[in-house]
Amino acid sequence: MDIASTPSTPDADAQIADAAPAPQAPPVIRREDYQPPAWLVPQIALDFRLGIEETRVTARLSVRRNPAGSAASTLHLNGDQLTPLAVRVDGEAVNDWRMDGADLLVELTGEAHEVEIETSVNPAANSQLMGLYASNGMLCTQCEAEGFRRITFFPDRPDVLSTYSVRMAGDKGQFPILLSNGNCTATGEGEDGTHWAEWHDPWPKPAYLFALVAGDLVANHAQFTTRSGRRVDLNIWVRSGDEQRTQHAMDSLINSMKWDEEAFGREYDLDLFNVVAVSDFNMGAMENKGLNVFNTRYVLAEPETATDADYDGIESVIGHEYFHNWSGNRVTCRDWFQLSLKEGFTVLRDQLFSADMGSEAVKRIEDVRVLRAAQFPEDSGPLAHPIRPDSYQEISNFYTATVYNKGAEVIRMMRTMAGPDRFRQGTDLYFDRHDGEAATCEDFVKAIEDGAGLDLRQFRLWYAQAGTPQVAVEASHEGDVATLTLTQTIPATPGQPEKQAVPIPLRIALFDRDSGRHAGERLIVLDTDSRSFAFEGFARPPVVSINRGFSAPVAIDMERSNEDLVFLAAHDDDPFARYEAMQSLVVQHLVAAVGGGLSETARAEGRKAIGQAFAAVLSDDGLDDLMRGELMVLPGVAYLAEQVLVADPAAIHEEREGLKAWLGSELAESLVALHDRVSGVPYSRDAAARGARKTKAQALVLIAAGDPAEGARRAIAQYRAADNMTDRQSALTVLCNLEGPEREEALADFLRRYQGNALVIDKWFALQAGSFHPQVLQHIEALSQHPEFTLNNPNRARALYMTAAVNPKAFHDASGAGYRMIGELIRKLDPINPQTTARFVPQLGRWRRIEPARAAMMRAELEKIAAQPGLSRDVREQVSKSLG
Ligand code: PHE
Ligand code: ZN
């Protein structure tokens with residue numbers, strides 16, 4: 001068995017002959033080329049005459065020279081598919097302007113001017129969903145990162161901060177609600193059934209935080225009083241009929257506002273906070289100042305239509321966007337290379353918030369699972385980049401698991417080293433020092449250094465280097481001294497062949513085998529290539545519990561006996577370490593089994609150890625069901641594939657399914673008893689009932705794996721009896737894998753029952769695309785022709801195709817049909833929505849880490865995409881890097 005230590009080898013490369021050259025690369029933007037803007041725009045007044053097919057925009061920019069910028073007299077305004085209908089300087093129409101590609105350059109003579117520009121856009125034709133677009137008859141904007149330049153010409157860069165005054169006018173019947181950032185300052189009626197509203201946002205902001213919404217919306221309204229007594233009106237705006245599904249989002253918002261005051265000392269700074277849900281949205285949500293715009297899937301929930309995971313997603317995304325009000329808006333980014341300044345920090349903040357609202361242990365396990373499934377593969381592939389990238393072609397491609405999730409882990413390490421109180425002094429200093437500024441990651445680190453009293457000189461490497469550090473752990477024992485020798489290596493990544501050692505904070509505990517106890521947890525920091533740590537007082541070699549709580553985002557490489565792992569899985573007092581021991585036990589076993597390195601006896605022994613650990617989890621009265629359910633989740637195929645240099649994902653999948661079947665039949669009795677017990681717990685949103693549902697889902701999966709007939713019987717019964725989406729979905733997930741009449745019955749019922757509810761119909765597509773049914777590819781093909789399917793809605797497109805792309809059974813089918821399907825999708829979706837399309841490329845980009853026959857087919861798809869004329873910058877960057 002190979003444990004991956006480098007992301008790719010020349011060997012893997014050489015197995016595939018060179019074919020078509022990489023497509024021509026778009027210009028590269030470099031972090032080191034940063035220049036301050038020559039002109040500032042302290043104020044902007046925007047006037048919108050709204051229409052679905054034509055909106056007229058007049059922008060009046062008060063510009064003045066930046067004393068800190070170059071002395072250039074040219075005002076450089078970004079544009080994207082815009083034509084200037086009129087350009088006026090200080091009230092006079094001028095000819096002194098020219099186009100530079102899509103941008104507008106205006107020659108100016110003095111120190112300060114008023115520049116007025118008229119543009120026109122067609123929101124209905126905007127299928128990219130960037131800039132001003134139409135969704136279900138309403139108008140809304142998305143400006144991060146570079147969407148504002150699709151509305152008007154402007155220095156569209158985050159270090160240009162302006163106060164915005166907005167006026168909009170439109171048909172009152174079509175757009176009864178008119179919203180923008182800040183406060184509404186005036187409204188009135190116009191002629192011919194039109195009305196207008198004026199909004200003013202007192203807080204200077206970059207253009208990416210601008211937002212406008214106009215449509216027929218209703219609000220769930222509430223109020224929040226801040227700790228200094230400011231009364232804030234809260235509105236969650238949705239389409240009529242959806243308002244009864246907004247209460248969880250509202251509760252989450254109120255909890256977020258209160259939590260940020262307590263945990264970070266941050267108070268809201270306007271009298272109004274609006275959230276709008278839209279059904280066509282590229283991402284999860286957007287933190288526009290005072291006017292957050294959300295994908296409906298992170299707003300709407302009721303027990304009948306939303307799972308427990310959906311509820312958790314809403315809580316964390318509502319928190320995330322709200323927390324951006326300080327980490328992102330009050331202190332924003334100097335340039336897009338600093339994206340992790342706001343995103344990494346805000347993800348950490350939302351993680352801490354969710355942990356405080358629910359189970360800290362379970363939240364940590366889930367966050368680490370996401371990191372391993374999405375970020376680790378990214379960090380070992382052709383698109384690996386540091387959390388603060390050095391260059392990009394299209395910034396939309398850098399809203400990644402690395403910038404977000406690894407970014408959060410890096411800041412979490414600072415918190416672990418400083419302790420929560422000193423870390424808080426660091427963040428207080430950061431907010432205080434940089435309020436109103438466009439800051440850098442360096443500013444953040446410096447503030448933590450000064451405020452928390454840490455020396456972070458070497459730690460800064462975490463911002464500069466890509467790749468997941470591997471820490472090899474050697475344990476030895478002599479006399480009464482146990483010694484751990486730790487060695488770190490950071491794999492080479494694109495553009496970074498050599499790495500320097502980073503400080504790696506590891507929480508550890510050494511268990512005495514006889515008493516089953518340890519003498520207290522310690523924090524050790526490995527800050528050199530290799531170092532030994534000695535621990536006295538052990539008559540026998542201790543059981544090592546390391547990287548507890550996942551204190552560092554690294555991969556631990558340590559030979560461990562099944563016996564030690566079973567011990568930790570049952571006894572570790574750190575819940576994450578317990579989960580980790582369980583995972584390691586399974587990972588070690590499956591990796592060895594797939595590699596063909598296990599004799600039948602060794603395989604039987606491995607399974608027995610896992611079975612023993614599982615049995616303990618099933619019967620442990622000390623575990624709550626939420627944690628029990630978490631411990632029953634086997635490591636995913638993507639993470640397993642990550643453990644070997646060149647993977648056969650289908651073989652991993654089959655071996656993993658084989659283990660599930662073995663566990664299901666071996667533990668059938670206790671699984672059935674467990675499934676019966678938790679099925680008796682009535683629905684509620686409390687932790688015990690949620691835990692019961694989680695355990696129920698996991699038990700059902702294993703029962704069905706061991707005995708498909710019994711699984712089908714229980715699943716259809718659970719489906720029919722379900723009074724909530726969690727149970728209904730977990731039953732249908734199991735049925736989708738099985739053949740037989742129950743599958744068809746449940747799928748047909750589900751479609752009928754939720755007709756008209758887009759978010760639930762998304763689930764209907766995703767459940768089938770994610771199934772392990774032998775005909776899953778044919779099912780997906782048929783679903784792509786279904787009347788409910790469309791590529792124009794990102795949620796729907798992702799429900800079918802992203803689910804398929806991460807389903808090893810579908811994507812890695814030996815015929816290559818899965819790769820061809822995703823390749824074709826990329827070519828079809830790119831002209832519609834490049835940003836959403838580009839997110840599919842990394843799946844094919846993994847080819848170097850996949851066995852040669854499949855790798856060749858994956859690469860062939862990338863080449864076919866590269867050869868397509870008119871490819872977007874988004875897809876072009878990802879494809880050329882994946883081939884390069
Ligand atoms: N800034 C948004 C968030 O994390 C994400 C986003 C990026 C949304 C780009 C839309 C477009 O919170
Ligand atoms: Zn964010």
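1. Eight strands of this predicted model form an open, mixed sheet in the order β6-β5-β9-β3-β2-β12-β15-β14, where two strands count as paired if DSSP finds at least two bridges between them. Its edge strands, each pairing on one side only, are β6 (92–93) and β14 (183–189). Helices (H or I, at least four residues) and strands (E, at least two) are DSSP runs numbered from the N terminus.

2. Within that sheet, β2 (residues 39–49) and β3 (residues 55–65) run antiparallel to each other and are joined over nine bridges; one of the bridge partnerships links Ile44 to Leu61 in β3. Strands of a sheet pair through backbone hydrogen bonds, either parallel or antiparallel.

3. On numbering and confidence, residues are counted from 1 along each chain as its sequence is written, while chains are lettered from A and ligands numbered from 1 in the order in which they are written. Because the model is predicted, local features need pLDDT of at least 70 and side-chain atom pairs count only at pLDDT 80 or more, whereas totals for chains, interfaces and linings use all residues.

4. The chain has 29 helices and 31 strands, and its C-alpha atoms fill a box of roughly 85 × 65 × 60 Å along the principal axes. Its radius of gyration, taken over C-alpha atoms, is 28 Å, which agrees with the value near 29 Å for a compact globule of 884 residues under the rule of 2.2 Å times the number of residues to the power 0.38.

5. Of the 884 residues, 52% count as buried, meaning that 20 or more other C-beta atoms, placed from the backbone, lie within 10 Å of the residue's own (exposed is 12 or fewer, partly exposed in between). The largest nonpolar core, a set of buried Ala, Val, Leu, Ile, Met, Phe, Trp, Tyr and Cys residues joined through C-beta atoms within 7 Å, has 246 residues, and Val276 and Leu735 are among those with the most contacts inside it. Helix α11 gives the most to this core, with eleven residues.

6. Helix α11 (residues 575–594) reaches 29 Å from its first C-alpha to its last, close to the 28 Å expected at 1.5 Å times one less than its number of residues. Of its 20 residues, 17 are buried, and just after the helix Gly596 takes a positive phi of about 75 degrees.

7. UniProt, in an unreviewed entry, places "domain: Peptidase M1 membrane alanine aminopeptidase" at residues 249–459; such annotations, given in the numbering used here with shortened names, may be inferred rather than shown by experiment. Over residues 249–459 the chain is 55% helix and 9% strand.
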